[in-house]
Amino acid sequence: MSQKLGLALVGIGALALVGWSVSGFFAAADIPLVVRISMGVIGVGVVVLIASVIRDRMSAAKTEDFKGVKN
């Protein structure tokens with residue numbers, strides 16, 4: 001229980017820092033618009049790929065059989 005809570009707190013803290021830095025990057029007027037748009041597209045692509053891998057792994061885990069594994 002405490003491990004899950006600790007992991008959740010670390011995740012929330014990391015997401016807060018990432019969100020703060022991303023908002024600062026996209027709000028900066030000295031960075032060209034093309035660069036900001038390109039970085040946004042790359043970020044969305046990475047998130048889509050990670051979500052796809054997680055979804056595929058979770059669906060594969062449901063069908064795996066562990067007949068050769070001893071307890």
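Helices and strands here are DSSP runs, of at least four residues for a helix and at least two for a strand, numbered from the N terminus. Keep in mind that this is a predicted model.

**Exercise 1. Take stock of the helices and strands, then work out how the helices sit against each other.**

Start with the count: the chain has two helices and zero strands. Helix α1 covers residues 2-27 and helix α2 covers residues 33-63. Next, look at their axes, which come within 9 Å and cross at roughly 150 degrees. On the α1 side, Phe-25, Phe-26 and Ala-27 make the contact, and on the α2 side Val-35, Arg-36, Met-39 and Gly-40 do. Now sort these residues by type: five are nonpolar, one is polar and one is charged.

**Exercise 2. Decide how the chain's overall dimensions compare with those of a compact globule.**

Take the reference first: for 71 residues, a compact globule would have a radius of gyration near 11 Å. The chain itself has 19 Å. Then check the C-alpha trace, which spans about 60 × 30 × 15 Å along its principal axes. Finish with the surface: 3% of the 71 residues count as buried. The chain exposes about 6400 Å², and 74% of that comes from carbon and sulfur atoms.

**Exercise 3. Find the aromatic pair and classify its geometry.**

There is one aromatic pair in the structure. The ring centres of Phe-25 and Phe-26 are 5.1 Å apart, and their planes stand at 80 degrees. Two cut-offs settle the case: centres must lie within 6.5 Å for a pair, and planes over 60 degrees apart count as edge-to-face. The Phe-25 and Phe-26 pair is therefore edge-to-face.

What about the exposure of these two residues? Partly exposed is the class between under 20% (buried) and over 50% (exposed). Phe-25 has 25% relative accessibility, so Phe-25 is partly exposed. Phe-26 has a relative accessible area of 35%, so Phe-26 is partly exposed too.

**Exercise 4. Place Gly-45, Val-46 and Glu-64, give each an exposure class, and read off a distance for each.**

Go residue by residue.

- Gly-45 belongs to helix α2. Its relative accessibility is 30%, so Gly-45 counts as partly exposed. From Gly-45 to Leu-5 there are 40 residues in sequence and 29 Å in space, C-alpha to C-alpha.
- Val-46 is in helix α2. With 43% relative accessibility, Val-46 counts as partly exposed. Between Val-46 and Asp-56, 10 residues apart along the chain, the C-alpha atoms are separated by 15 Å.
- Glu-64 sits in the segment after α2. At 35% relative accessibility, Glu-64 counts as partly exposed. Glu-64 and Pro-32 are 32 residues apart in sequence, and their C-alpha atoms are 48 Å apart in space.

Key
Residues numbered from 1 in each chain as written. Predicted model: local features only at pLDDT ≥ 70, side-chain atom pairs only at ≥ 80, totals over all residues. Heavy atoms only, no water. Axes fitted to C-alpha atoms, helices over the stretch in contact; angles between N-to-C directions. Contact = heavy atoms within 4.5 Å. Nonpolar A, V, L, I, M, F, W, Y, C, P; charged D, E, K, R; others polar. Rg over C-alpha atoms; globule rule 2.2 N^0.38 Å. Buried < 20%, exposed > 50% of the residue type's maximum accessible area, 1.4 Å probe, protein only. Areas by Shrake-Rupley, 256 points an atom, 1.4 Å probe, with all protein chains shown as cover. Phe/Tyr/Trp six-rings, centres within 6.5 Å; stacked < 30°, edge-to-face > 60°.
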